[in-house]
Amino acid sequence: MASLELAQPHANIKQSQHHVSSKPISTTSGDYDTANSLEVRKYLRTYGLTPPVVESFEVQAQRCLKLLSMKPTPIEKYQYLTHLRATNVHLFYRLLADNIKDITPLIYTPTVGEACLRWSEIYTQPEGLYLSYSDRGNLHTILANWPHNVEITVVTDGSRILGLGDLGVNGMGIPVGKLALYTACAGIRPDATLPLQLDLGTNNKAFREDPLYMGSRIPKISPEEERDFLDELMAALTERWPGIVIQFEDFKNPFPALERYKDIYTCFNDDVQGTGAVIVGGFINAVRASGVPVKDHRAIFLGAGSAGVGVAKQIVEYFIKEGLTEEEARRKFWFVDSNGLVTLDRGDKLADHKVYFAREDNDGKQIQSLSRLIEYVKPTILMGLSTIGGAFNRDILERMARLNDKPIVFPLSNPSSKSECTFEEAVRYTEGRALFASGSPFPSLEFGGKTLTPGQGNNMYVFPGIGLGAILCKAVNVTQDMIYASAESLSTSLNAEEVAAGWLYPDIRRIREVSVVVTRGVIRAAQENGVDRELSLRGLADEQLDSYIRDRMYDPHRERENVADEVAQLIATASGGAHATTNGHGNGIAIRGPHL
Ligand SMILES: NC(=O)c1ccc[n+]([C@@H]2O[C@H](COP(=O)([O-])OP(=O)(O)OC[C@H]3O[C@@H](n4cnc5c(N)ncnc54)[C@H](O)[C@@H]3O)[C@@H](O)[C@H]2O)c1
Ligand SMILES: O=C(O)C[C@H](O)C(=O)O
Ligand SMILES: [Mg+2]
């Protein structure tokens, strides 16, 4: 199997100063950076093609933020940021790194949801790779068109985009957005990422009939056809880029592919595994803060899909580590789907993934209403992964507040319009007592003379570190222990002030530091499982491993100096008489040569 080839040479440790990619600088979109020195401009032959001033990042940022504030709607801000990324990638990431809390909602949930709904209408430029069902048999040849060396891809078939349903190829916004966060949060080089949209038909009839829709106008292919297509895709991706990490995202039914590929490729499913991990990470802190012993918790999950079951399975793992038997842990969950409480004797055919948590102790009772179920179960925990915006209404939240001193309430559906409740509602109807995390961001608010800040239980806290960890240790597979390690690492990553303030997740502004901790945990678990192929990392102490990780993270602030250093070196080489045609990094600078 291609993914098991041990001979696959990734960056060797000493050589790869900047990160694991073989391309230390991207010349295409940095050429016209107004921060480039005059010397660099002369070398690149862009002298005169930009305004004369050499700008500091602070001045550039001032202009960008001003332009951003002039855009009246989130979608226009999204479009401006897309344009910035396409024309000056390092400036985009500098801006994002310094304004992560404010800009993330504009390039990720919730705005990316609107962008996907309107993708065909707002499309201006290509940003990833599209593979259609009619391309089967030729996937390897098409992958050869992608010009860069890829380390990680996010792939979707668009069939369940956030809580917005089947959006076909309009789903491309999701891989683009997730990979931007891989770069911003974990420092994976932008040119080492591949957004991948599969065009396998769509059951969204309105899209198929929309003249602007840009995918195949056929109904979604069958599961068997999709399986064969994915078989070819996985082999082709791994043959083209042997060390590639493949993240599955927003598939309507992700379980068959995960089962089929997890032991033979370096892959994971973010909605099942990443979500499970991120919620466990915050949940460990919520359980502590609740003051209720693990054995006394009971959880109702609204939504029994891939995310709900993924989360519950990992909480089971946490409960077992806390001393419960698997049976005791499993019995702590009551799932509700669109047909009510999930029971074995409900009379419908349960999807395979629901059977593990289906109740058989319901004495033939089938409960449809969430409020009646709350009275029946008396839960300490209420999780929402149902795509039903507003499902945790006043009545539901007040019931949770009556039953618990500190109810754990996690409305996790995305985007914000699908969140089961807002932060404000949770605070108001539980008198500020809820231990809260939502999938999409909500603003802080004042309550009872205090500023309360919501947690954001979004897989963006873990997937960047899972991906970077797998890349750096050259993992053969992404094991369940690596996923669980990302959760535990996340739960320990809060600093003293965050703990004192009762936060469940660390401040998003520290995400790069958090990603280092998560990455280290993932690498350690890979080493324990023996799936790592970068054996030199095994002997490193934790601080050494952290430095190793940090040194390989792309830093957009350093890029300008990197370009200047390389140009200076090339000029020195050229003026020393050598007729350089390449600088050995494959970035194309030298072929343009000194000028002026
Ligand atoms: N916070 C995060 O990091 C994160 C991660 C992954 C998914 N999500 C969100 O979770 C949601 C669900 O994702 P998924 O992959 O599980 O989707 P899915 O389609 O697999 O599952 C949705 C579930 O909700 C149930 N449901 C639908 N209508 C319902 C109703 N009226 N009452 C009760 N249950 C109902 C369905 O029966 C199904 O079990 C999405 O909105 C997604 O954006 C959030
Ligand atoms: O994309 C997100 O914001 C989280 C998650 O993967 C989702 O599908 O909702
Ligand atoms: Mg997702």
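Which residues does UniProt list for "domain: Malic enzyme NAD-binding"? Hi everyone, let me start there. The UniProt entry, which is unreviewed, gives residues 272–527. Keep in mind that what we have on screen is a predicted model. In this model, the span 272–527 is 44% helix and 12% strand, and its end C-alpha atoms are 23 Å apart.

Now, the domains. The domain assignment splits the protein chain into domain 1, residues 2–265, and domain 2, residues 276–461. Taken over C-alpha atoms, their centres are separated by 32 Å. The two do touch: 11 residues of domain 1 make contact with 13 residues of domain 2. And what classes of residue does domain 1 bring to the side that touches domain 2? There we find 8 nonpolar and 3 polar residues, and no charged ones.

On to the ligands, which I suspect is what you came for. Ligand 1 has 28 residues around it, and the closest are Gly 163, Gly 305, Asp 337, Ser 413 and Gly 439. Three elements each give two or more residues to that shell: helix α13 (270–290), helix α14 (306–321) and strand β7 (333–337). By class, the shell around ligand 1 holds 9 nonpolar, 15 polar and 4 charged residues. Domain 1 and domain 2 each supply at least three residues to the shell around ligand 1.

Ligand 2 comes next. Its surroundings are Thr 109, Leu 162, Asp 250, Asp 270, Asp 271, Asn 414, Gly 439, Asn 458 and Asn 459. That shell breaks down into 1 nonpolar, 5 polar and 3 charged residues. Here too, at least three residues come from domain 1 and at least three from domain 2. If you have the viewer open, do click on Gly 439: it is listed among the closest residues to ligand 1, and it belongs to the surroundings of ligand 2.

Last stop, the sheet. We have an open sheet of 7 strands with mixed pairing, in the order β8-β7-β6-β9-β10-β11-β14. At the edges are β8 (340–341) and β14 (455–456); each has a single partner strand, so one side of each has no neighbour in the sheet. Strand β7, which we met at ligand 1, sits between β8 and β6 in that order. Further along, β9 (residues 381–384) and β10 (residues 408–411) pair in the parallel sense over 4 bridges. For a specific pair to look at, take Ile 381, whose bridge partner in β10 is Ile 408.

That's my tour, thanks for listening!

Terms used: Residues are numbered from 1 along each chain as its sequence is written. Chains are lettered from A and ligands numbered from 1 in the order in which they are written. This is a predicted model: local features need pLDDT of at least 70, side-chain atom pairs count only at pLDDT 80 or more; totals for chains, interfaces and linings use all residues. A residue is near a molecule or strand if its C-beta atom, placed from the backbone, lies within 6 Å of it. Ala, Val, Leu, Ile, Met, Phe, Trp, Tyr, Cys and Pro count as nonpolar, Asp, Glu, Lys and Arg as charged, and the others, Gly among them, as polar. Domain bounds come from an automatic or database domain assignment. Two residues are in contact if their C-beta atoms, placed from the backbone, lie within 7 Å. Two strands pair if DSSP finds at least two bridges between them. UniProt positions are given in the numbering used here, feature names are shortened, and annotations may be inferred rather than shown by experiment.
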